[in-house]
Amino acid sequence: MLHVISFIFGALVGSFLNVCILRLPKEESIVWPGSHCPHCKSPIRYYDNIPLISYIFLKARCRYCKESISIQYPLVEGITALGSLILFIKFGPSLSYLFYFLFVAALIVITVIDLYHQIIPDVISLPGIGVGLLASLMIPQVTFSNSLVGVLLGGGSLFLVATIYQWFFKREGMGGGDVKLLAMIGAFLGWKAVILTILLSSLIGSIIGIMVMVLKAKDFKYAIPFGPFLSLGAVISLFYGENVIRWYLCMNR
Ligand SMILES: [Zn+2]
C-alpha cells in the first residue's frame, strides 16, 4: 500500500516538475498562475491535470485547441513516479528517502532543461548544494565531512577540467552550470561518488558523443549538454555506487 502511495506521490511531484521545466528557463513564477495550455492559453481543469492518466484520456491533445501535448509530460511524471517508488523500496519511510527523492527530482528538472536550453539553472543547483550538506547532518548514508569534500572535489575538479579545456580548445566546452551541478552531486553523495560520477558520465557521454558525430557527420563543435550525463552518472552512483567501487577494488587486488 505504501508503495502505491509513493508511486502516486512521485507522479504528482513529476507533474509539478513539468511546470518547473517549462517556467524556470523563462524566469516565470512556478506557483502562479495555474497550469494552462502553452498553445491556446486555456486553463487546464483539475480533471485534465491528473498525472499520466489525463495524457492518455485526452489522447495527447489539448481539450480546447486540439494541439498535441508533448510526450515530455507523461515521461517526466512516469520517471519521477518510478524514481519515488524505487527510492522508497531502497530506503523505506525515512528522511533518506525524502532527501534522495528531492535530489533525483532536481536531477530530472536539470536534465530536461539542459536538453532543451543547454543551461543548468543556478536556482536548482546552488540551493541543492545547501540541501545536500544539510541532508548529510540528518541521514546515515553520508557524513558531513564526506559531503563537504564532495562539494569541493565536485566543484573544483570540473572547474579545473573546464579551464584546461577552454585554454586548449579556445572555447567553452563545459559550462559553469556543470561545475555547480557536480558540486551538488558531491553534497548529496560524498566524494567517492563524485569520482564515480565523473568516470561514468565521461564514458557514457563519449559513447553517445561519438555516435552523434558518426550519425550526423559533424565536427567537435556539435554541443551536447553534459548535464544529463552527469545526472545519469549520479543516479547510477546513488543506486550502485558501493557495488561498483567494491567490484573495482576486487578487480585490482
Ligand atoms: Zn490548447
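## Zinc site, Tyr-73 and helix α5

At 27% relative accessibility, Cys-65 counts as partly exposed. In this predicted model, Cys-65 (SG) is one of the zinc donors, together with Cys-37 (SG), Cys-40 (SG) and Cys-62 (SG), at 2.3 to 2.4 Å. Along the chain, the donors of the zinc ion are spaced as C-x2-C-x21-C-x2-C. The arrangement is tetrahedral because the four donor atoms subtend angles of 104 to 117° around the zinc ion, and four donors count as tetrahedral if all angles lie between 85 and 135 degrees. For four tetrahedral donors, the ideal angle at a metal is 109.5 degrees.

Relative accessibility is available for two of the cysteines and for Tyr-73, as tabulated below.

| Residue | Relative accessibility | Class |
|---|---|---|
| Cys-62 | 8% | buried |
| Cys-65 | 27% | partly exposed |
| Tyr-73 | 21% | partly exposed |

Tyr-73 lies in helix α3 (residues 72-91). Residues up to four places away in sequence being left out, Tyr-73 touches Asn-18, Leu-22 and Pro-38. Asn-18 is 55 residues from Tyr-73 along the chain, yet their C-alpha atoms are separated by 6.2 Å.

Helix α5 (residues 122-138) comprises 17 residues and reaches 24 Å from its first C-alpha to its last, close to the expected 24 Å. A kink of about 25° in α5 is centred on Gly-128. Gly-128 is also among the buried residues of this helix, which include Ile-124, Ser-125, Ile-129, Gly-132, Leu-133, Ala-135 and Ser-136. The buried residues of α5 pack against α4 (95-117), α6 (144-169) and α7 (176-189).

Key:
Residues are numbered from 1 along each chain as its sequence is written. This is a predicted model: local features need pLDDT of at least 70, side-chain atom pairs count only at pLDDT 80 or more; totals for chains, interfaces and linings use all residues. Side-chain values use heavy atoms; hydrogens and water are left out. Helices (H or I, at least four residues) and strands (E, at least two) are DSSP runs, numbered from the N terminus. The expected span of a helix is 1.5 Å times one less than its number of residues. The bend at a residue is the angle between axes fitted to the seven residues ending there and the seven starting there. Buried means under 20% relative accessible area, exposed over 50%, partly exposed in between (1.4 Å probe, protein chains only). Contact means heavy atoms within 4.5 Å. Donors are N, O and S atoms within 2.8 Å of the metal (3.2 Å for Na, K and Ca); water is not among the atoms, so sites may look incomplete. Four donors count as tetrahedral if all angles lie between 85 and 135 degrees; four count as square planar and six as octahedral if opposite donors are over 155 degrees apart and all others between 65 and 115; anything else is irregular.
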